[in-house]
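Here are some exercises to work through with the structure open beside you. Try each task on your own before you read its solution.

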Amino acid sequence: MSTLRIAMVGHGFMGAAHSQGWRVAPRFFDLPLRPEMHLLVGRDPSKTEDAAGRWGWAQTSTDWREAVQRDDVDVVDIVTPGDTHAEIALAALAAGKHVICEKPLANTVAEAVAMTRAAEDAATRGVLSMVGFTYRRVPAAVFARQLVAEGRLGEIRQVRAEYLQDWLTDPEAPLTWRLQKDRAGSGSLGDIGAHAIDMVEYVTGSRLESVSGVLETLVPERPLLGEGVGLSGTASAERGAVTVDDVALFHGRFDGGALGSFEATRFRTGRKNAFRFEISGSKGALSFDMERMNELEFYDATAPALEQGFRRILVTEHEHPYTGSWWPTGHMLGYEHGFTHQVVDFVPAVAAGAQPRPSFAEALHVQRVLDAVERSSAAGSAWTSIG
Ligand code: SOE
């Protein structure tokens with residue numbers, strides 16, 4: 001079996017999750033090409049060496065520009081903050097490397113447009129690319145999409161999506177890169193609101209056409225980051241301005257006529273990773289919560305009236321998406337399995353020369369929704385076209 005030599009740029013939280021996916025996927029799924037964890041790229045040589053040793057990367061580099069040009073690299077996996085997605089993806093695609101880029105695709109629509117054009121041009125040369133919206137690879141999400149596509153909910157009328165976390169409730173939590181607009185592009189809106197947008201469009205097959213939103217920064221300044229990195233950094237004595245939204249609330253109108261309500265926040269005390277959606281249709285409804293990710297609640301409005309009610313489906317049967325390669329029914333999957341499924345979807349697409357999903361173009365649409373919410377908020381929550 002020939003291999004796919006992976007170079008991963010970055011090694012924070014997403015670096016750990018992607019490493020797990022690259023390592024586990026070929027051991028539980030039959031893949032046409034075997035991913036090889038070939039090169040880990042990071043800024044700090046010792047931290048990159050440590051991460052490579054921990055997660056099983058064969059080599060390390062501190063120069064992503066050199067790495068993406070190497071003949072012994074086939075795929076570039078971008079798991080850096082959003083301010084570097086565009087330059088790395090454009091260089092990798094131009095060098096003929098397949099690309100996976102973490103979400104959101106970019107920090108601006110302009111960057112996302114340039115990346116999408118480059119991706120579509122590269123695809124004509126057999127160079128493929130995908131964006132890391134991994135929650136759509138949770139079995140319950142795929143099964144939800146199947147139920148909607150089969151018409152089990154009838155006409156979709158309302159969609160509710162909320163991504164609730166609380167890791168910023170403490171005003172002394174340090175100013176990490178996710179709180180700086182020049183690094184992250186936006187706050188809760190792009191960091192976790194992007195997941196909500198991608199998920200409901202994936203499950204319903206509908207697309208948002210206009211939004212009305214409000215963005216709010218609840219804690220305007222925080223201690224600068226001291227020791228440590230990413231989400232687990234510790235605070236220093238100096239303080240800096242938070243330049244992104246803490247809470248994003250918005251409504252949306254879908255192309256099929258449905259209305260949506262969205263919330264993305266890292267201030268919902270007690271909610272740790274409560275990524276939820278509820279889809280309400282003329283014949284039924286679906287409800288999902290990432291904190292109970294192996295379950296899907298289904299309401300069949302066509303059932304006899306006396307028997308109606310939301311029923312809990314345990315999405316662990318071998319006939320459910322992805323689950324046949326894991327454990328016997330009733331044995332649960334976890335957060336990391338979405339990253340393994342990402343590899344399981346990407347590698348066969350590359351082997352077949354087929355466009356993996358979601359494409360840069362799909363992620364560009366998400367970027368346009370994020371931008372429209374920002375423009376709406378700046379215009380007093382006026383209804384704003386996605387464009
Ligand atoms: C932080 O909010 C975060 O790590 C996001 O950046 C991820 O995309 C999400 O999956 C989990 O929470």
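**Exercise 1.** Work out how many helices and strands the chain has.

*Solution.* In this predicted model, the secondary structure comes to 10 helices and 17 strands.

**Exercise 2.** Decide how the radius of gyration of the chain fits that of a compact globule.

*Solution.* Start with the length: the chain has 387 residues, so a compact globule would have a radius of gyration near 21 Å. Next, take the value for the chain, which is 21 Å and agrees. For the spans, the C-alpha trace covers about 65 × 50 × 40 Å along its principal axes.

**Exercise 3.** Find what share of the residues is buried, and what share of the contacts joins residues at least 24 apart.

*Solution.* Count a residue as buried if its relative accessible area is under 20%. Buried residues then make up 56% of the 387 in the chain. Now take contacts between residues at least 6 apart in sequence: 69% of them join residues at least 24 apart.

**Exercise 4.** Explain where the largest nonpolar core lies with respect to domain 1 and domain 2.

*Solution.* First, look at the members: among the 112 residues of this core, Trp22, Trp57, Phe277, Leu296 and Phe360 touch the most other members. Then see what helix H8 (residues 188–204) gives: nine residues, the largest share. Finally, domain 1 (3–135) and domain 2 (137–355 + 366–378) both contribute residues, so the core lies between them.

Zoom in on Phe277: its contacts include Ala144, Met199, Val203, Leu286 and Phe288. A second, separate core has eight residues, including Leu175 and Phe267.

How values were computed: Residues numbered from 1 in each chain as written. Predicted model: local features only at pLDDT ≥ 70, side-chain atom pairs only at ≥ 80, totals over all residues. Heavy atoms only, no water. Core = buried A, V, L, I, M, F, W, Y, C linked by side-chain atoms within 4.5 Å. Buried < 20%, exposed > 50% of the residue type's maximum accessible area, 1.4 Å probe, protein only. Helix = DSSP H or I, 4+ residues; strand = E, 2+ residues; numbered from the N terminus. Domains from an automatic or database assignment. Contact = heavy atoms within 4.5 Å. Rg over C-alpha atoms; globule rule 2.2 N^0.38 Å. Lists of a residue's contacts leave out its neighbours within four places in sequence.
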